[in-house]
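Biologist: Could you take a close look at one part of this model with me? I would love a connected walk through the surroundings of a single residue and on into the interior.

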Amino acid sequence: RRAAVMTDASALYSPVLGQILDTCTDPKKSLSGAEQSGFDYILIPIVDSSSKNGENALERRKKPAEAEPCTRSDLPLTGEQWSRQVVGMISADIACDHGDPAVRSASHKLLREELSWASHVAVPAVLLPELPSSCGSTVATLVG
């Protein structure tokens with residue numbers, strides 16, 4: 001298991017420990033398990049890995065008529081849990097500067113969708129994957 005440590009300014013700089021989950025099909029169960037293991041929060045993918053039989057979210061976004069969202073439901077957790085105990089992770093397969101216009105467009109759409117969802121549930125932070133340096137200005141434009 002991987003973990004992340006942050007400092008909570010409201011707790012006089014006492015460290016808080018988060019559990020990084022590469023997949024998460026049940027946020028409520030994952031958060032409960034993390035709490036029982038002594039973690040303060042979880043870092044989970046914004047994209048729901050249980051939908052579409054594991055089909056890559058970016059591949060789904062390349063389909064023009066795709067109506068089902070790639071993001072997960074906000075119902076398993078309370079608003080307070082989302083905003084205090086969950087950090088969202090953006091999909092690692094986003095390729096904002098890809099040479100293929102269809103992949104690039106799908107990546108832009110998926111990034112916007114994931115950021116919109118993170119804003120909707122008010123997660124306190126969003127973790128971006130390591131991006132190629134050529135992608136930085138495009139992502140900054142899409143985020144800002």
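Is H108 buried or exposed, and what is its relative accessible area?

Modeller: Happy to, keeping in mind that this is a predicted model. H108 counts as buried because its relative accessible area is 16%, under the 20% cut-off. The residue belongs to helix α4, which covers residues 101-121. Beyond its neighbours within four places in sequence, H108 touches C96, T138 and L142.

Helix α4 also takes us to the largest nonpolar core, a set of 23 residues in which I42, I44, W82, V86 and L111 have the most contacts. At least two residues each come from α1 (27-36), β3 (41-45), α4 and α5 (136-143). The largest share is that of α4, with 5 residues. A second core, separate from this one, has 6 residues, including Y41, L43, V87 and M89. As background, nonpolar side chains in soluble globular proteins tend to be buried together.

From I42 we can follow the contacts further. Leaving aside neighbours within four places in sequence, I42 meets Q19, L21, P27, S30, L31, A34, Q85, V86 and V87. Of these partners, Q85 deserves its own stop. Q85 sits in helix α3 (residues 79-85) and is buried, with a relative accessible area of 17%. Its contacts, with the same neighbours in sequence set aside, are L31, E35, D40, Y41, I42 and E80. Finally, Q85 and G18 lie 67 residues apart in sequence, while their C-alpha atoms are 8.6 Å apart in space.

Note on methods:
Residues are numbered from 1 along each chain as its sequence is written. This is a predicted model: local features need pLDDT of at least 70, side-chain atom pairs count only at pLDDT 80 or more; totals for chains, interfaces and linings use all residues. Side-chain values use heavy atoms; hydrogens and water are left out. Helices (H or I, at least four residues) and strands (E, at least two) are DSSP runs, numbered from the N terminus. Buried means under 20% relative accessible area, exposed over 50%, partly exposed in between (1.4 Å probe, protein chains only). Contact means heavy atoms within 4.5 Å. A nonpolar core is a set of buried Ala, Val, Leu, Ile, Met, Phe, Trp, Tyr and Cys residues joined through side-chain atoms within 4.5 Å.
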